[in-house]
Amino acid sequence: MSEWLKIGKGITYGVIVIAIAVLTISIIMATLLALTPLKELEMEKWLNGSMFAVVLTGSIVGGAVSKVKGLFVGGIIGVIMAALSFLLSAEGAAWTESILHASLTLFISLVGGIAGVNLFGGKGEKA
């Protein structure tokens with residue numbers, strides 16, 4: 001399989017894992033908001049933490065599936081997620097907070113892509 005096809009497959013799998021995880025977390029958070037006295041503003045730190053964990057997991061999966069160029073795969077996944085995060089952020093959010101959030105998302109996804117290739121890359125396999 002061509003290296004670019006492996007990279008595309010890794011990015012696709014990573015984004016699919018992220019989408020499934022975000023949907024699951026959204027359902028859990030909505031249930032907690034409906035059934036408990038928690039307020040939306042109290043959930044912000046939990047949502048940010050879970051988003052970073054989801055991005056890390058998705059980029060690890062992307063790097064593991066592609067088995068090549070984990071930095072590139074993680075970077076593309078990070079740019080996609082940072083752009084979505086930046087575009088979907090609250091209008092009242094501070095500009096510096098949004099930039100910091102996007103930068104952390106990109107950094108975490110880069111680390112995840114590298115970790116996915118190195119942990120599950122299979123260096124002994126033939127290309």
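The questions and answers below concern a predicted model.

User: Why are α1 and α3 called oblique to each other?

Analyst: Helix α1, residues 3-35, packs against α3 at an angle of about 40 degrees, with the axes 10 Å apart. Angles under 35 degrees count as roughly parallel, and 65 to 115 as roughly perpendicular. The angle of about 40 degrees falls in neither range, and α1 and α3 are therefore oblique.

User: Which hand does the crossing of α1 and α3 have?

Analyst: The crossing is right-handed.

User: Why is Leu84 called partly exposed?

Analyst: Leu84 has a relative accessible area of 41%. Buried means under 20% and exposed over 50%, so Leu84 counts as partly exposed. Leu84 is in helix α3.

User: What makes the nonpolar surface patch, and which helix gives the most to it?

Analyst: The patch covers about 1,000 Å², and its residues include Trp4, Phe72, Leu84, Phe86 and Trp95. Patch residues need over 30% relative accessible area, and Leu84 has 41%. Helix α3 gives the most, with seven residues. Both α3 (70-88) and α4 (95-120) supply at least two residues each.

User: What is notable about phi at Lys67, and why is Lys67 called partly exposed?

Analyst: Lys67 is not a glycine, yet its phi is positive, at about 60 degrees. Lys67 lies in the loop between α2 (44-66) and α3. Its relative accessibility is 33%, between the cut-offs of 20% and 50%, so Lys67 counts as partly exposed.

User: Where is Lys69, and why is it called partly exposed?

Analyst: Lys69 is in the loop between α2 and α3, with a positive phi near 50 degrees. Its relative accessibility is 45%; exposed would need over 50%, so Lys69 counts as partly exposed.

Definitions and conventions:
Residues numbered from 1 in each chain as written. Predicted model: local features only at pLDDT ≥ 70, side-chain atom pairs only at ≥ 80, totals over all residues. Heavy atoms only, no water. Patch = residues over 30% accessible without salt bridge, like charges linked within 9 Å, V, L, I, M, F, W, Y side chains within 5 Å. Areas by Shrake-Rupley, 256 points an atom, 1.4 Å probe, with all protein chains shown as cover. Salt bridge = Lys/Arg side-chain N within 4 Å of Asp/Glu carboxyl O. Helix = DSSP H or I, 4+ residues; strand = E, 2+ residues; numbered from the N terminus. Buried < 20%, exposed > 50% of the residue type's maximum accessible area, 1.4 Å probe, protein only. Axes fitted to C-alpha atoms, helices over the stretch in contact; angles between N-to-C directions. Parallel < 35°, antiparallel > 145°, perpendicular 65-115°, else oblique. Left-handed = near helix turned anticlockwise from the far one by under 90°.
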